Amino acid sequence: MNSIEIRTVTNNRELKQFIRFYYDLYRGSKYAVPFLFFDEWNTLSRDKNPSFECCDTEYFMAFREGKMVGRVAAIINKRANERWNRREVRFGWFDFVDDIEVSRALLQAVEDWGRSQGMNEIAGPLGFTDMDREGMLVEGFEELATVYINYNHPYYPKHMEQLGGWKKDNDYMEYKVKVPEVVPDKFAKLSEMIEKRYNLHPRKFTSHELVEEGMGRYIFHLINDTYKDLYGYSELSEHQIDQLVDAYIKKADLNLVTGVVDGNADNKLIGFGITFPSFARAMQKSHNGSLWPITLWRVLRALKWHKTDTVDLLLIGVLPEYRAKGANALIFNDLIQQFQRYGFKWAEAMQQMETNTGVQSHWQYLESRQHRRHRCYCKTLTIKD
């Protein structure tokens, strides 16, 4: 057996190699979607990602006979550990050839580094924050991925089972939803009732409100309040929020963004939905995550001119005290009408924790199927002699 050599990323050239491994491993896949190289670079670079305000990290690459055969990121999110009273090291960006010695060596590198930093447990795949991709695909290998989720080969979870000591920590479920030709009566009537009974109303925004008046930043403060009790959540800082406004709000088609306001509380924003036309098919034409002119054209056709049949339900949140009042229904009722106008046929409902039955219950009124599942694993780190 040839030995596996683990190297730590120490410079920009090696970081590029770390990022490009994914493109090489999944080249030609019918289901994987290449991530934008500059997005990966900005996320993993210490001088570009504000998450390094609260995160320590090491990146590891595995080699056999001089050829790269795997990669993994080790992350300690100090803010999340403080919030959840844990000493946890995360692993993410975990990709490898079908060789159990490679996956074992990579995870061992994360474990050893985590122990050296005083950690006593390991979990993942996780990113720096909840805005990064999370979970390992365990169901839905023959479904087209999106640019917002991890795709991996079917052998990945088999390795986790073979390695031993790992257990399920959390599952995320994803749904493919058919956009109805007519808004279902249940949604329409429920929305009308909610508006009358609770004085809650859908709200559209202007670019000036979102960017210049700070409503976009307020949406991500709302995310902090909405997501705070979700698995592993780490509160977004002001610097992180600024970056997310640039990444999402400034690029969004505002017809595909819906808020909900409370008329009894000076029209305070209490919920939101942010959706984007899918550009997964467009990115599949990019073999290395670069936006060459032809790829950029395909992406713009999807994002700006809606030349795609699918829309991604990217971020949806409602303050806890308003969930029982049906605010989610107002968001979906408004967005479905816009999806119809744009001619979308399908909606990709992004990751929802399997315990989040409240959101999942909305899909019963639409033609839908649960088509993917992602899993986070965990393991206790024993002290070595």
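A contact here means heavy atoms within 4.5 Å. The model is predicted.

**Exercise 1. Describe the overall build of the protein chain, starting from its contacts.**

Solution.
- Step 1: Take the contacts between residues at least 6 apart in sequence; 76% of them join residues at least 24 apart.
- Step 2: Count the elements. The protein chain contains 14 helices and 13 strands.
- Step 3: Compare with the globule rule. A compact globule of 385 residues would have a radius of gyration near 21 Å, and the value for the protein chain, 21 Å, agrees.
- Step 4: Add the extents. The C-alpha trace spans about 70 × 45 × 40 Å along its principal axes.

**Exercise 2. State how much of the protein chain is buried and what its exposed surface consists of.**

Solution.
- Step 1: Of the 385 residues, 56% are buried.
- Step 2: The exposed area is about 17600 Å², and carbon and sulfur atoms supply 47% of it.
- Step 3: For charge, there are 52 positive and 53 negative side chains, with the centres of the two sets 4 Å apart.

**Exercise 3. Find which residues of helix 5 are buried and what covers them.**

Solution.
- Step 1: Helix 5 covers residues 155-163, and its buried residues include Tyr155, Tyr156, Pro157, His159, Met160 and Leu163.
- Step 2: The cover over these buried residues includes helix 1 (12-25), helix 4 (100-116), strand 4 (88-96), strand 6 (136-139) and strand 13 (368-380).
- Step 3: After the helix comes Gly164, with a positive phi near 75 degrees.

**Exercise 4. Locate the salt bridge of Glu111 and classify the burial of this residue.**

Solution.
- Step 1: The whole structure holds 30 salt bridges.
- Step 2: In one of them, the side chains of Glu111 and Lys379 meet at 3.1 Å, N to O. This pair links helix 4, which holds Glu111, to strand 13, which holds Lys379, across 268 residues.
- Step 3: Buried means under 20% relative accessible area. Glu111 has 5%, so Glu111 is buried.

**Exercise 5. Trace the salt bridge between Arg373 and Glu354 into its network.**

Solution.
- Step 1: The side chains of Arg373 and Glu354 form a salt bridge at 3.1 Å, N to O. Arg373 lies in strand 13 and Glu354 in the loop between strand 12 (346-353) and helix 14 (357-360), 19 residues apart.
- Step 2: Arg373 is buried, with a relative accessible area of 13%, whereas Glu354 is partly exposed at 27%.
- Step 3: Salt bridges with shared partners join Glu139, Lys168, Asp171, Glu354, Arg373 and Arg375 into one network.

Methods:
Residues numbered from 1 in each chain as written. Predicted model: local features only at pLDDT ≥ 70, side-chain atom pairs only at ≥ 80, totals over all residues. Heavy atoms only, no water. Helix = DSSP H or I, 4+ residues; strand = E, 2+ residues; numbered from the N terminus. Rg over C-alpha atoms; globule rule 2.2 N^0.38 Å. Buried < 20%, exposed > 50% of the residue type's maximum accessible area, 1.4 Å probe, protein only. Areas by Shrake-Rupley, 256 points an atom, 1.4 Å probe, with all protein chains shown as cover. Lys, Arg positive; Asp, Glu negative; His and termini not counted. Charge placed at Lys NZ, Arg CZ, Asp CG, Glu CD. Salt bridge = Lys/Arg side-chain N within 4 Å of Asp/Glu carboxyl O.
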